[in-house]
Amino acid sequence: MERVRSGARTFGELLERHEREIFAYALRLTGRREDADDLYQETFLAAFRAWPPPRRDHERAWLYKIATNKAIDRERRRRPTVSVEDLRLAAPDRDGVTLIDLASAIRTLPPGQRAAFVLRTVEGRPYREVALALECSEEAARTRVSEATKKVRASLR
Amino acid sequence: MNTTLTHDHAAEARERLVHRARREGLATVGYGVLDSPVGPLWVAVGPRGVAAVTFDREPNERDLRRIVAAYGPGVVPDPRRIGPVARELERYFSGRLRAFETPVDLSGITAFQRRVLTALAKIRYGELTTYLALARRAGNEKASRAVGGAVGSNPIPIVLPCHRVIATDGTLGGYGGGLDAKRRLLTLERGETPAGGWSSRSGDTHSPPRSSA
């Protein structure tokens, strides 16, 4: 049981526990496979450099936080271009809205709101985890998701 | 979302991540799981050579603690790094390799264990020895029980051939990978059963504990 509760002891343990989820999150945040690949690598390299990880029940939020910050940094450095093929991978299915519409709408959000929207609405994470990942209060996380949702709805009309 | 594509792509991304982590000096030990005729083997390769072989898909606690104590947490999945020993193991299991050339890394074990495992490494393909004879080879005839313990905690079975050590009465003794695996390895090497038969040991008081490798 101790092992189950404890944080990862090796980089490999951390990777095997979380890499697919973080890769999927990176794909949804960036909308492009190449960027998701970079973001996934930057996230785990940063985690390795910042070793040790927190205890196990905080591990995932820790990685989401790193990934989110890395994504925001990348966003500030440049505006990515959009490939139609990759948008298909990035966007979840929603009735009456094409994948491209939704992914494009997400891309218009400012980085903090985009991360909040993806974490909560696309990934389905509880507000507690969204707040941890974005280093803000749960109330602030709710506000960001709400504002992002309004903007996405507006741009899909 | 096409999860298959994501999975494949994530595997490629992982390979690039591991490459970068190695280049930055963050990844010190590579591991992978090999399928073998004696079941899955978890294999780890460190800076000096093969650091562990475990009869499982995961490392055992003892080996993982030893590796982390010696090389830190930079233990990463790295199929390329275990490639050379994986190829040797494949040739061994197909009867085309009689002596492993890949170096072994015994960091983090005691001087006594090292002496025993060094003596163990000299037992040739297909040869059988006993814990008592191995104790003599390791320079301490009276220490056969302790030698049994050191053989039992051999971190690199198959490559360091603890399966070639049997009980003094000629029965199999024990094996970390299970007696079926030990039988299989000895049959592969010798094509026959030893004179004492393949049963697990009877009541020889001079023999080491059953939990030995």
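Domain bounds here come from an automatic or database domain assignment. Keep that in view for the opening stop, and remember throughout that this is a predicted model.

**Stop 1: the two domains of chain B**

Select chain B and colour residues 3-93 as domain 1 and residues 111-190 as domain 2, following the domain assignment. Place a centroid on the C-alpha atoms of each. The centres of domain 1 and domain 2 of chain B are 25 Å apart.

Now look at where the domains meet. Domain 1 of chain B brings 10 residues to the contact, and domain 2 of chain B brings 11. On the domain 1 side, strand 3 and helix 2 (61-71) of chain B each provide at least two of the touching residues. What is the class make-up of that side of domain 1? Seven residues are nonpolar, none is polar and three are charged.

**Stop 2: the sheet of chain B**

Stay in chain B and show the strands as cartoon. Four of them build an open sheet with mixed pairing, in the order 3-2-1-4. Which strands stand at the edges? They are strand 3 (49-54) and strand 4 (75-77) of chain B; each has a single partner strand, so one side of each lacks a neighbour in the sheet. From one strand to the next, the twist averages 25 degrees.

Select strand 1 (residues 29-34) of chain B and strand 4 of chain B. Their pairing is parallel, over three bridges. Pick B:Val29 and look across to its bridge partner in strand 4, B:Val75. Then pick B:Tyr31, whose bridge partner in strand 4 of chain B is B:Pro77.

Next, turn to the other pairing of strand 1. Strand 1 and strand 2 of chain B run antiparallel, joined over five bridges. B:Leu34 stands opposite B:Leu41 of strand 2. Follow the chain round the hairpin of these two strands, where six residues lie between them. Stop at B:Gly39 in this hairpin: its phi is positive, near 100 degrees.

**Stop 3: helices on the sheet**

Add helix 2 of chain A to the view. This helix lies across strand 1 and strand 4 of chain B, and it runs at about 40 degrees to strand 4. Then add helix 3 (residues 83-93) of chain B. Helix 3 of chain B packs on the sheet and touches strand 1, strand 2 (41-46) and strand 3 of chain B. Its direction makes about 135 degrees with that of strand 2 of chain B.

**Stop 4: where chain A meets chain B**

Select the residues of each chain that touch the other. Chain A gives 21 residues to the contact and chain B gives 23. Helix 2 and helix 3 of chain A each supply at least two residues of the chain A side. Coloured by class, that side shows 12 nonpolar, three polar and six charged residues.

**Stop 5: helix 2 against helix 3 in chain A**

Hide chain B. Select helix 2 (residues 11-30) and helix 3 of chain A. Their axes are 8 Å apart and the packing angle is about 145 degrees. The crossing is right-handed. Show side chains at the contact: helix 2 of chain A contributes residues including A:Phe11, A:Leu15, A:Phe23 and A:Leu27, while helix 3 of chain A contributes residues including A:Leu39, A:Tyr40, A:Phe44 and A:Phe48. The class count for this contact is 14 nonpolar, two polar and two charged.

**Stop 6: helix 3 against helix 4 in chain A**

Keep helix 3 (residues 33-49) of chain A and add helix 4 (residues 56-77) of chain A. The two axes come within 9 Å and cross at roughly 125 degrees. These helices of chain A, helix 3 and helix 4, are therefore oblique to each other. Helix 3 of chain A passes helix 4 of chain A in a right-handed crossing.

Select A:Leu39, A:Glu42, A:Thr43, A:Ala46 and A:Ala47 in helix 3 of chain A; they meet residues of helix 4 of chain A, among them A:Leu63, A:Ile66, A:Lys70 and A:Arg74. The contact has seven nonpolar, one polar and three charged residues.

**Stop 7: two backbone details in chain A**

Zoom to the loop between helix 3 and helix 4 of chain A, where A:Pro52 is found. The peptide bond from A:Trp51 to A:Pro52 is cis, with omega near 5 degrees.

Finish at the loop between helix 8 (127-134) and helix 9 (138-156) of chain A, which holds A:Glu135. What is phi of A:Glu135? Its phi is near 55 degrees, a positive value in a residue other than glycine.

Notes:
Residues numbered from 1 in each chain as written. Chains lettered and ligands numbered in written order. Predicted model: local features only at pLDDT ≥ 70, side-chain atom pairs only at ≥ 80, totals over all residues. Axes fitted to C-alpha atoms, helices over the stretch in contact; angles between N-to-C directions. Helix = DSSP H or I, 4+ residues; strand = E, 2+ residues; numbered from the N terminus. Parallel < 35°, antiparallel > 145°, perpendicular 65-115°, else oblique. Left-handed = near helix turned anticlockwise from the far one by under 90°. Contact = placed C-beta atoms within 7 Å. Nonpolar A, V, L, I, M, F, W, Y, C, P; charged D, E, K, R; others polar. Pairing = 2+ DSSP bridges.
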